[in-house]
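Have a look at the chain below and turn it around a few times. Then we'll walk through it together, starting with one helix.

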Amino acid sequence: MSSSRLTFPLIALAALALAGHGAGSRAQSPALPALDAATSLLVISPHPDDETLCCGGVIQRVLRAGGRVTIVWVTSGDGSALGMLLVEKTLFDARKMREFGQSRMREARAATALLGVPPGGQLFLGYPDGAVARLLRENRALPYTSKFTDAAAVPYAEALFPGHPYTGTSLEQDLDTVVERARPTLILAPSPLDEHSDHAAAGRAAIALGARHAPGITLRFWVVHGGEGWPSPRGLLLGVPLTPSPRGAALSPLPFALEPEEEDRKLAAVRAYQTQMRVMEPFLLAFVRTTELFSTRATPATPP
Ligand SMILES: [Zn+2]
């Protein structure tokens with residue numbers, strides 16, 4: 001990690017100046033409300049790994065400030081057929097896909113533990129990968145059957161509510177329960193503009209969730225699937241800020257600056273996602289930058 005930083009001394013120096021590292025860099029970020037011991041952060045993560053990619057720095061900062069962090073994973077990433085094929089060297093079947101989901105949940109626990117999140121703040125809902133939008137529209141009341149795991153209800157014993165049906169209503173109720181337990185002051189949710197349908201749907205669900213539990217919760221939005229090869233360049237490039245994504249630029253995202261040690265720990269957490277690293281390492285590592293980006297807006301301003 002530190003040797004990589006030495007590889008880019010000039011870039012690093014320039015980026016450090018831009019990102020405001022050093023004295024005073026823990027000052028309040030324009031992207032987020034003040035982070036302190038009263039902060040209760042809830043990160044809504046569509047799949048295992050998104051929480052670290054979007055928010056690994058903020059998660060560490062909240063915990064260091066004495067605040068609380070809860071991560072809720074909407075799905076367990078059990079629909080990544082390509083990942084399954086490459087990692088397990090076998091064509092997927094329902095039992096294998098559930099085992100793959102369990103592997104990804106173990107990785108999520110390890111990754112977020114490296115960021116400092118205690119087991120009680122690691123909540124898995126276990127809804128079907130690739131079908132979040134469908135649940136919240138077509139399958140609000142009628143259970144959906146995952147084409148990957150063959151499950152029509154949460155199949156994971158380690159989930160928060162094993163056996164809950166794969167319906168949009170059940171997902172919304174589970175999110176309500178998570179909010180009632182975590183009592184968040186700040187929710188970091190995927191943007192409805194994210195290219196991945198699970199992310200966009202989870203973002204719309206977060207907006208509705210925030211409205212149901214208003215006032216008192218601040219919502220901020222992030223992008224992971226930002227379109228057109230973003231983040232660019234791919235791969236590990238420590239000391240360089242994250243640029244706004246093509247899809248999210250209209251939301252005018254603001255930077256949250258990471259300390260160098262937060263960037264290092266975020267890198268360690270990303271590397272804990274071993275199954276994902278084997279499939280898309282350059283993409284994952286491109287999120288280990290000096291900044292994370294958050295928007296106050298969920299959608300672009302409409303012209304008057
Ligand atoms: Zn995702």
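Which residues are exposed on the other side of helix 10? They are Arg-278 and Pro-282. Keep in mind as you look that this is a predicted model.

To see what that side is opposite to, find the buried residues of helix 10, which are Thr-275, Gln-276, Leu-284 and Leu-285. These buried residues sit on the same side of helix 10 because they cover an arc of only 85 degrees around the axis. Helix 10 has something else to show you. It runs over residues 274-285, and if those 12 residues made a straight helix, it would span 16 Å. In the model, though, the end C-alpha atoms of helix 10 are only 12 Å apart.

Now zoom out. The chain is built with 10 helices and 7 strands. It has 304 residues, and 50% of them count as buried. If you take the contacts with a separation of 6 or more, 77% of them link residues 24 or more positions apart.

Next, go inside. The largest nonpolar core holds 74 residues, and Leu-41, Ile-44, Ile-59, Leu-188 and Trp-222 are the ones with the most contacts inside it. Try clicking on Leu-41: beyond its neighbours within four places in sequence, its contacts include Val-58, Ile-59 and Val-62, as well as Pro-184, Leu-186 and Leu-188.

Finally, how confident is the predictor? The mean pLDDT of the chain is 89, with 86% of its residues at 70 or more. Residues 1-25 are another story: pLDDT stays under 50 there, although the model does give them 32 contacts beyond four places in sequence.

Terms used: Residues are numbered from 1 along each chain as its sequence is written. This is a predicted model: local features need pLDDT of at least 70, side-chain atom pairs count only at pLDDT 80 or more; totals for chains, interfaces and linings use all residues. A nonpolar core is a set of buried Ala, Val, Leu, Ile, Met, Phe, Trp, Tyr and Cys residues joined through C-beta atoms within 7 Å. A residue is buried if 20 or more other C-beta atoms lie within 10 Å of its own, exposed if 12 or fewer, and partly exposed in between; C-beta atoms are placed from the backbone. Two residues are in contact if their C-beta atoms, placed from the backbone, lie within 7 Å. pLDDT is the predictor's confidence in each residue, from 0 to 100. Helices (H or I, at least four residues) and strands (E, at least two) are DSSP runs, numbered from the N terminus. The expected span of a helix is 1.5 Å times one less than its number of residues. The arc is that of the directions from the helix axis to the C-beta atoms.
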